[in-house]
Amino acid sequence: MPHVTSADGTAIGYDRLGGEGPAVVLVGGGLDDGTENLPLGRHLAESFALVSYRRRGRGDSGDTGPYAVRREVEDLAAVIDAAGGRAHLFGASSGGALALEAAAAGLPVDRIAVHEVPYLLGDHMLAAWRAYKADLAAALDAGDRDGALRLFMRLAGSTDDDIAAAGAAPVWPALRALAPTLRYDAACLGEGPPPTARLAAVTRPVLLTTGVTADARSAGLPAGFFAAAADAAAHALPHGRRATLDVAGHVPDPAALGSLLTGFYTG
């Protein structure tokens with residue numbers, strides 16, 4: 001698999017999914033080893049030169065310490081350079097927060113689309129976010145990856161039964177391997193709310209999408225959680241626009257989202 005070298009020397013793995021035309025780079029979200037967005041990527045590769053990469057600490061990508069969001073921005077800069085020097089971006093969940101941070105930092109991007117970035121709003125959710133970050137750091141510092149995963153799932157609205165079922169699932173060991181990167185996703189989301197000053201620096205068009213109904217595994221989140229977060233972020237962006245997909249779940253149907261993104265990226 002091809003790799004690029006980030007500014008700090010970290011090797012970042014990526015895939016080209018074929019296609020011609022403008023480049024589109026996919027930015028994965030929490031606990032994604034780089035495979036979650038591949039079905040969407042294959043759909044977009046019909047119209048674009050599609051690149052999907054593994055964020056640092058995931059899959060075959062390296063993980064040079066100490067971690068900083070700016071290093072992830074540098075990783076993305078190296079991937080964009082390999083994609084031809086300029087690209088559209090798609091970011092899923094916390095990967096959307098990273099994509100917006102990269103755009104605010106001045107990376108050579110054209111249009112940015114993000115799906116269900118989990119910015120936190122309201123006193124209750126902000127208090128839960130602060131507690132989560134402290135507890136997550138303690139769990140990971142103690143080497144308790146299982147505990148870190150449970151904290152993440154609980155914050156994301158999973159029930160105790162959902163968490164117990166996940167812990168017994170075949171995918172759990174793979175999730176354990178990715179658990180340290182939960183700290184990275186938390187850093188990308190910062191203090192919780194949309195970072196209005198940095199979003200105001202994003203001069204490119206941004207599409208913020210959400211599903212019409214929530215994922216059943218997020219039943220514990222407030223009603224309209226992702227829509228409210230997207231509305232707030234869109235308000236802070238100079239050229240932000242909103243769209244709602246008629247699908248359920250945090251990981252949307254690739255054909256439904258792909259068709260919307262194709263129209264957005266082609267203007």
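Helix H10 supplies the largest share of the lining of the largest cavity in this predicted model, with three residues. H10 spans residues 225-236, and two strands, S6 (109-115) and S7 (206-213), join this helix in each giving at least two residues to that lining. The residues around the space are Val114, His115, Glu116, Val117, Tyr119, Leu208, Thr209, Phe226, Ala230 and Ala233. By class, seven of them are nonpolar, two are polar and one is charged. The space enclosed here is about 40 Å³, and a search of the whole structure finds one cavity of 30 Å³ or more.

Open space can be looked at in a similar way. Rolling a probe the size of a water molecule over the atoms shows where empty space is left. The largest pocket has a volume of about 1,000 Å³. Its lining is made up of 38 residues, of which Gly30, Leu31, Phe152, Ala156 and His250 lie closest to the pocket centre. Helix H10 turns up here too: along with H4, H5, H6 (160-167), H7 and H8, this helix supplies at least two residues of the pocket lining. The lining of the pocket divides into 23 nonpolar, eight polar and seven charged residues.

One of these pocket-lining helices, H8, deserves a visit of its own. H8 runs from residue 182 to 189 and is mostly covered, with six of its eight residues buried. Those six are Leu182, Tyr184, Asp185, Ala186, Cys188 and Leu189. Among the elements that cover them are helices H2 (69-82), H3 (94-104), H4 (123-141), H5 (145-155) and H7 (172-178). Just after H8 comes Gly190, with a positive phi near 60°.

The tour ends with the nonpolar cores. The largest of these has 63 residues, and the members that touch the most others are Val25, Tyr53, Leu76, Ile112 and Tyr119. Tyr119 also belongs to the lining of the largest cavity. Leaving aside residues up to four places away in sequence, Val25 touches Val51, Tyr53, Leu76, Val79, Ile80, Ala83, Ala87, His88, Leu89 and Phe90. A second core, separate from the largest one, holds 18 residues, including Phe90, Ala113, Leu245 and Val247. Phe90 is thus a member of this second core and is also among the residues that Val25 touches.

Notes: Residues numbered from 1 in each chain as written. Predicted model: local features only at pLDDT ≥ 70, side-chain atom pairs only at ≥ 80, totals over all residues. Heavy atoms only, no water. 1 Å grid on protein atoms, 1.4 Å probe; cavity = no way out; pocket = protein on both sides within 12 Å on 5 of 7 lines; lining within 4 Å. Points joined across faces, edges and corners; volume = space filled by probe spheres on them. Helix = DSSP H or I, 4+ residues; strand = E, 2+ residues; numbered from the N terminus. Nonpolar A, V, L, I, M, F, W, Y, C, P; charged D, E, K, R; others polar. Buried < 20%, exposed > 50% of the residue type's maximum accessible area, 1.4 Å probe, protein only. Contact = heavy atoms within 4.5 Å. Core = buried A, V, L, I, M, F, W, Y, C linked by side-chain atoms within 4.5 Å.
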